[in-house]
Amino acid sequence: MKEIHAFVNDYFRSERRSPSVNDVAKAVGIAKTTAYRYLVDMNERGIIAYDGSTITTPQTGKCISGYFSAPIVGSIRCGNPELEEECIEEYISLPVSVFGNGQDCYMLRAEGDSMVDVGIAENDLLLIHRQHTAAVGDVVVALDGERQNTLKTFAGIDIESGCAVLKYENRKEYPGKQILVNELEVQGVVTHIIKAMK
């Protein structure tokens, strides 16, 4: 019973679904009918839940079962603005419990060093929620007046000029640097950063 219980947990974590009776039988080296009897007995004892087709344990209920696919649509400069065209490189499966339902989301790969003070570095993957509005302090994908896109912090409206302010976030390399845009067009807001730890 301990072997079956451990196998069900391991199987669910790796396959994200319940094993079959046949899977259980092969894993612990017993006949399928014997595996079935064990599962029925374990269900009656409350060790597992078995309804004749699905086998679950208290631990499998904690496993992530919901995923969505987010397209990586290229890279975006975190330095000077540059024209980018959406081109789906691949799709990445992300868990709903961490990243939300993924509705209206896409991913970009960061390039450049102008956003390091907010934790965005070269080659980080950014999950972007597609929207056309932003709050002050949001890290946005935005188009400037020349229809070029860039990744910057929306810092509000400049009182003197009335322009929207896109702020660089690297005090060491770009102290006080910002972009003033007459008409800010927000393409999306960064919600998550995925990075490899060195």
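This passage walks through a helix, a loop residue and a strand with its partners. The model is predicted, so local features need pLDDT of at least 70 and side-chain atom pairs pLDDT 80 or more, while totals for chains, interfaces and linings use all residues. Residues are numbered from 1 along each chain as its sequence is written, and side-chain values use heavy atoms, with hydrogens and water left out.

Let's start with helix α1, residues 2-15 (helices are DSSP runs of H or I with at least four residues, strands runs of E with at least two, numbered from the N terminus). Its 14 residues should span 20 Å at 1.5 Å a residue, and the end C-alpha atoms, 20 Å apart, agree; the expected span is 1.5 Å times one less than the number of residues. Among its buried residues are I4, F7, V8 and Y11 (buried means under 20% relative accessible area, with a 1.4 Å probe and protein chains only). The buried residues of α1 pack against α2, α3 and β2.

Just after α1, R16 has a positive phi of about 60°. Next up is S18, in the loop between α1 and α2, which counts as buried at 16% relative accessibility. Beyond its neighbours within four places in sequence, S18 touches Y11, F12, S53, T54 and I55 (contact is heavy atoms within 4.5 Å).

Then there's strand β8, residues 149-157: seven of its nine residues are buried, so β8 is largely enclosed by the rest of the structure. β8 pairs with β7 in the antiparallel sense over five bridges (pairing takes at least two DSSP bridges). Three bridges join β8 to β9, again antiparallel, and F154 has L166 as its bridge partner in β9.

How values were computed: Buried means under 20% relative accessible area, exposed over 50%, partly exposed in between (1.4 Å probe, protein chains only).
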